Amino acid sequence: MEWVAVNDMLSENITKLNYTLIPPGFRGDVRSVRLMQDSLSKLIDALGEQSATAQGLNKVITTAEKLRNAPTHILYLLKDSKAKGGKGDVIGLLKIGRKHLFLFDEHDKVCEVEPLCVLDFFVLRDRQRHGYGKVLFDHMLQDMEMAAHELAIDGPSPKMEQFLHKNYGIERLLRQNNNFAVAPQFFAGAAEINSKSGRSTPAVTPALGRFAAPKPPSAIATVIHGGGSYYDHETRNGYSRCRAMNSH
Ligand code: ACO
């Protein structure tokens with residue numbers, strides 16, 4: 001099979017992709033779109049696999065198939081147009097998406113939020129520490145109109161922690177049992193974060209399944225760190241979304 005060159009698929013240095021797997025500006029008939037998507041999928045899968053290996057993960061976070069099945073996720077790809085004899089090569093990825101999370105601040109107050117999350121972030125090994133990661137991350141922040149401390153990070157690696165410290169002044173992250181981590185400043189803007197997600201009311205999941213019934217306080221932390229959907233009557237009725245939790 002003949003693969004489409006990166007420069008023929010991705011016109012910009014940074015391309016924003018969603019579940020359609022069609023780069024902005026790409027034109028062609030059905031056959032050429034299919035061919036392009038096959039080529040792009042192969043690149044995304046290879047990069048996703050390298051990212052997982054670099055982070056020591058036993059499952060791959062980013063694949064073309066996963067992106068296709070996640071309508072709210074966004075994948076930014078960074079290319080080097082001069083690589084591969086002028087055909088171009090993809091050298092970095094950054095995947096983001098909103099997640100419904102329960103997060104504890106430094107005072108054991110729990111917040112129910114739906115922040116934008118960094119789900120996967122990778123620059124080719126021999127390209128790291130050349131500023132490419134910052135270019136990609138800055139692009140995403142500008143595109144999403146966010147500051148770095150407003151994001152939740154899914155399983156930050158030591159390199160990620162240093163990256164955030166160096167480039168965005170985030171000195172430390174508060175690690176949660178659900179594997180996410182946020183900057184301490186995250187909680188100061190928690191209400192605003194939800195409003196940026198376009199929600200005028202707190203983000204809650206519907207009362208379904210085993211989490212539908214009201215729970216005694218002792219069970220809540222378990223549910224929270226289980227990461228599943230939990231119907232919170234307090235938040236549904238518009239009371240404070242952050243409250244003290246001493247039971248975990
Ligand atoms: N060791 C320590 N810190 C590092 C390293 C490293 N090997 N590589 C990058 N950093 C940090 C440092 O703060 C570095 O600054 P310094 O060189 O002055 O010490 C800074 O990042 C460099 O910034 P950039 O050059 O813009 O970043 P880079 O292009 O290297 O991309 C990234 C950063 C994506 C973290 C890259 O290093 C990488 O792919 N690492 C392996 C995979 C990984 O850990 N991804 C993040 C997982 S968390 C998640 O995905 C939600």
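**View 1. Backbone contacts to the ligand.** In this predicted model, a backbone N or O atom of Arg129 comes within 2.8 Å of a ligand oxygen atom, a polar contact (a pair of N or O atoms within 3.5 Å). Lys134 does likewise through a backbone N or O atom, at 2.8 Å from an oxygen atom of the ligand. For Gln162, the distance from a backbone N or O atom to a ligand oxygen atom is 3.0 Å. The protein covers 87% of the 960 Å² of accessible area that the ligand has on its own (Shrake-Rupley method, 1.4 Å probe).

**View 2. The shell around the ligand.** Here are the 24 residues that surround the ligand, with Phe121, Arg129, Gly131, Gly133 and Ser157 the closest (a heavy atom within 4 Å). They split into 9 nonpolar, 9 polar and 6 charged, with Gly counted as polar and Asp, Glu, Lys and Arg as charged.

**View 3. Elements that build the shell.** β6 (116-123), α5 (132-144), β7 (152-154) and α6 (158-168) each chip in at least two shell residues; helices are DSSP runs (H or I) of at least four residues, strands (E) of at least two. The top contributor is α6, with 6 residues.

Numbering starts from 1 along each chain as its sequence is written. Local features need pLDDT of at least 70, side-chain atom pairs count only at pLDDT 80 or more, totals for chains, interfaces and linings use all residues, and side-chain values use heavy atoms, without hydrogens and water.

Definitions and conventions
A polar contact is a pair of N or O atoms within 3.5 Å; within protein, one must be able to donate a hydrogen and the other to accept it, and residues adjacent in sequence count only if both atoms are side-chain atoms.
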